[in-house]
Each structure stands twice: as structure tokens, then as C-alpha cells.
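Colleague: I would like to learn how to read burial, cores and overall shape from a model. Please take them one at a time.

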Amino acid sequence: MYLISLFGKLLNLLIRSLGLGSGETLPGYLLLRFFPKALKNSTLLSGGSVIIVSGTNGKTSTVKAISHILRKREFSVISNSSGANLKSGVTSSLLLGKPLNPYKKIDFVVLEVDELALPSVLDDVSADTLVLLNLSRDQLDRYGEVDFIVERWAEIINLGRVSTVIYDGEADYFSGIFAEGASGFVDFNRYHRDAVSSKLKDRIHEKNLMAVIAALSEKGIDPAESLNLLEDFKAAYGRGEVVYKDGVSYRIFLAKNPASMNVNLTFPGLGKADFEKVLFILNDGIPDGRDVSWIYDIESNLLNKFCAGKKVYISGSRCYDMAVRLDYAGVSVTKQDIDSSITDTVDKIKSEGSKNVVVLPNYSAMLDFRKNVLGRKIL
Amino acid sequence: MSKIVIGHLYRDELNLYGDNGNVEVLVSRCLKRNIDVSVVDIGLGSVPSYKGFSDVNILFMGGGPDSSQKLIYDDFLSEKRSYISDLAASEKVGIFVCGSYQLMGNYYKSFDGSVLEGLGLFNIYTENFGSSKPRCIGNVRALLNPQISQDPVFKNVSFLGNEIVGFENHGGRTFLDEEVTPFAHVTYGSGNNSEDGTEGVHQKNFFGTYFHGPVLAKNPHLTDYLIAKALNVQELLRLDDGLSIASFSASKKLR
């Protein structure tokens, strides 16, 4: 396993240096290809206690915040911070994060896992703590229905491969499956007061923050300390992070499904005066789902309020679908501000003397935008 | 007196793929023309004899996940049956998308052999062949049937020809009885069953379709046709549809 890990690291270095991508999936993919049960091998975990985060929206931010606190407490942590959350990505992160010294132990392994990949990951890895965030309709052409995922989740939890489940007791789809009070189940809403009083609203969604506090509380770190350690926490990439190019500040909010878009449009950390332009980017790539009908599940009045008095640009492979949707929501859109090319759109935004732009892209659109503005897709 | 009253069946339960956007688009296109428009919710447990329902001239029903369709199933078959049949008989407009299109047929046969009775207004049936046949999923395009495309009203209002575009996503395959008219004929994608080239069903002014997008957002010419039929007028004021036309042209190239 040590040699394989070394090989993985070299492969990752090669992929990155050749500019072929972040190299965060291929090493794991190859390992699983030759050893399908590789994740079962506990040496891959380097002795770390495992915390898994799953759900539709907020996984990356939640993992980032948990890791942030643990590291500040001087624990050693491996996590898949780039968001590669399928089985191959999880395996890669473990390979790449494994210390070069084979005797060195890791304290915590913090992983975000895709909601549908969760059963197959938990088949191989026992988790100390499982954090289940929200579930909503996402990428319907790939995923099917929320009910289906809840059923799969209930099945795996009944297998007893998880010691503690942290979940949203206010979500009706969990009712009857998890019971607060039963041993091993923690409704994260009990930390509502702590989360509400914090000054982190502009960097992490309240519910996700409750989940973070709950997970660490299980590890003996009390809520006040967690919040303290998060003071210098920076939003995860594409989750309210700010990037600059040519004097323009772009604040990126990943908006990949109706729930995440509606949340972003009402984000408490974003004031009306903080931006004067909005850029929507809608793609229909495989990671996004080919079906873009979901844009009609975004609440019209939220779109309308958010864009009122702002200049709106639209880009991405399905820019015209987004334009029509905005038009039906009563948002004023002009044809000159719609262009499928992100490069051309960014040029136009710059040439029109912009200062603060809020960017609302879906998944592959966010990667494309970052590539354009930062020269790299992820970290 | 030109007035559109949209009856929205099971708004809260049946909205799987942005289907409720269809109602938003109908409303918006009426308002842009200063046509008086209102929406009445026809939900679970609501009584069709309620007087607001008798004014409905466009009925809309979307699709939902299995659990939601189970939730409305009894109410739909027993409480709403005669109301829906009466609207159809009096040539009101109705549009049924995906799951509700299937429920309007004679029956739905699951891959385990169990049969779920439908409303039976459309002489069609749907069968799910399980994993032996792939799910019908992807971008789809079709030509509207000649009854629609040759209708002088359609010719007056359509500014996009007789093609429609959308996205389909269904496991069940629907088959039409011989005398039944399909809504359209697919030029790209699967349509009803990926075998006979038909898409949806058309009966008087009732339409069933597998098209999402939502279908009335992607196809404003079809939306306008439904509005004109409901108002019983020959033509409609032309709107500034530059964005819709651009979106429609882009959709024609999707694979």
C-alpha cells in the first residue's frame, strides 16, 4: 500500500504538472480498477478516525470547516478538499494524503461523499461519524428521486457501519428513519442557538454550520471553541469565495440545483450594496445533468428581487434557456449581454467598467469560470 | 369577454422537473398581452363542484415522483374523474405532462407485472419493462401532428414552425390504440416508446406529452396556440420573443 500511495502521488504530480487537471480522481480510479476492494484496506486510512459528510448541497463547505477546526487543534487530517467525492475521488484523496512515513498515524480522515456513492463507500469503510446534510432534487437524469436516496441511506445505516449519525431533524424525509434520542443519532438543530449567534453567515450556511458544531462536539470540542477556531475560516471554492481579475471582484456562489440557487439568492451575508452586476452561467455537461428544466423551480420572486437594479449577464452552453427563464421571472435581460463563451463574457464585463460581480454558475460552469479567471479549475 | 382561467391540478405534489414553470409561462404570456388571467389550485381533497373550477379553460397537470403520484392517485381517480372528463368533452384545453399523461391512460403496467388502473380518458397504456429496456432520457424534438400544424389558428400564432423541443425522462413506454392521434412525431429522441415514432397524445383540445423543459417555456408557439384555443380566437398579439427564438434555435442543435 505504501508503494501504491507513492505511485499515486507521482501520478498526481504528473497530471498537475502537465496541466491535465487536478489529478484527484485518476490515481484512485486506477487503484480501484486493479484492486476493487482497496478501500477495505484499513492502512489506507492511516489509523485516522473517519468523519463522512454527505447530502445534496454544502458538503464541500462542511468538510472544509470541520478540517479547519481539527487542524487548528493541531490534529493531523486527510480530506478530499477538492470535492472529488465519488469512490475513485475518495480513494485518491486517501492515497495522496497518506504520509510518506509509513509509521506515521493520522488523527482524522474527513471525507465528503456523493449521496448516491455513500452506500458503496460505507460498504468498505466504517465511519465513526456520518454527517447527513440536506437532500433535494439534483441532477434528476442521473439520480432519480429523493425517496430513493433516503431508502438507500436508511439501509446502510441499519447495517451498523456508523457509530454516530448527525442529521437534520427538521427535514421531513428523515422522519421515522432517524429518531433523536436513540443512541448514535444526533439532530444537529440542537446547536441552532450557537450557529445563529455566529458571525460566519457570509461564509457558511447556517444548517451546515450546525452540522459542523455537532460533529466536533461529538469529538469533545465544544461549540464555543469550534466557532472561535472558525474566525479566520475562508469560504470553500465557489461557495461565496471572492476572486479578482483585471480589477473586477467576482464573488462565486455555486448554484447547481433549485435548492442551492434559492439559498444563494437569499444569502444573509450578501447585501444589496455589495454588488452591481450578476453573472449567471448555465451548462448542461454530464456533471451538471443534461436537463436544465430545474431552472423553473427557482423561485421567480427571488430571482426578481435579487436582480432588481442590477445589470445581468448570462453565459454557458445553455445561456439562452437561462435568459428565457429570467425573462419569465420578470428580470430585465438584453440580448447583447448573453454569450455562451465565458471568455468573451468576462472580457465584456471588464470592458464595461465593473467593480463587484456576483457569479451564479452550476457545477461545470463554475470550473470553467475559475479556469478562465484564475487559470485553474479547482484549488 | 376574453379571460383565461388555469386549473392547476396537484401543484404541490406533482412538480418533478420544473413542470410548474408551464403555468408561470402561460400566465406571463397572457399578462404581456393584457389578457385577464387567473390560476385556481385544484389540490388534494378539493371539491370540483366549487364554482371557481367551472370557469377553467386550461387544465394543467404535471408529473411527480412515485411517492407523490401514489398520494394523489385515489383522489384523482375518484374525486376528479367526472370533472376532468367534462372539461375534455366541452373542448376545454388540457395539458398533461409525463406522469400525469400516463395516469390519463387506461393503465400502467410495472415491470413486476402489477397493473395500475388509469383514468382512461386517453385510449393508451404504459408499460415499464424494467432493466430490459433503457430509460427514455435525453433531449428530444418532434413535429406536431397535422391536425395542429394545419389548424389555421396554429398557422396564425406560430412564429416557430411546427417543431417542438424538450427533454424527456421516463421509464415507462406508452402505446396508443390505433384510432388515437399522437401529439407529435419524434425527429430526435424516443417519444412514447422509442419504437413507433409517436410522441404524446391529442384528443379534442387535450394533450398528453413526455416533453419537459418545461414544454411551454421551450415552445412559446405551442403555448400561444393553447391560449388562442382556450379563448376561441383566431390570432393573438405578437410578443417580443427574441430570447425565446434564440433559445429555440439553440435547442434544435442539442444532442
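Colleague: Which residues of α4(A) are buried?

Modeller: Buried means under 20% relative accessible area, exposed over 50%, and partly exposed in between, with a 1.4 Å probe and protein chains only. In this predicted model, the buried residues of α4(A) are A:Lys87, A:Ser88, A:Gly89, A:Val90, A:Thr91, A:Ser92, A:Ser93, A:Leu94, A:Leu95 and A:Leu96. Helix α4 of chain A runs over residues 87-97, and ten of its eleven residues are buried. Helices (H or I, at least four residues) and strands (E, at least two) are DSSP runs, numbered from the N terminus.

Colleague: What conventions and limits apply?

Modeller: Residues are numbered from 1 along each chain as its sequence is written, and chains are lettered from A in the order in which they are written. Local features need pLDDT of at least 70, side-chain atom pairs count only at pLDDT 80 or more, totals for chains, interfaces and linings use all residues, and side-chain values use heavy atoms, without hydrogens and water.

Colleague: How many helices and strands does each chain have?

Modeller: Chain A has 15 helices and twelve strands. Chain B has ten helices and 14 strands.

Colleague: How is the radius of gyration read?

Modeller: It is taken over C-alpha atoms and set against the globule rule, 2.2 Å times the number of residues to the power 0.38. For the 255 residues of chain B the rule gives 18 Å and the model has 17 Å, so chain B is as compact as a globular protein of that length. For chain A, with 379 residues, the value of 21 Å agrees with the rule, which gives a figure near 21 Å. The C-alpha trace of chain A spans about 60 × 50 × 40 Å along its principal axes; the box for chain B is roughly 50 × 45 × 30 Å.

Colleague: What share of each chain is buried?

Modeller: In chain A, 57% of the 379 residues count as buried. In chain B, the share is 62% of 255.

Colleague: Which residues have the most contacts inside the largest nonpolar core?

Modeller: A nonpolar core is a set of buried Ala, Val, Leu, Ile, Met, Phe, Trp, Tyr and Cys residues joined through side-chain atoms within 4.5 Å. The largest has 105 residues, and A:Phe280 and B:Ile84 have the most contacts inside it. Contact means heavy atoms within 4.5 Å. Leaving aside residues up to four places away in sequence, B:Ile84 touches residues including B:Leu9, B:Phe96 and B:Phe206. A second, separate core of 38 residues includes A:Leu111, A:Leu130, A:Leu135 and A:Tyr167.
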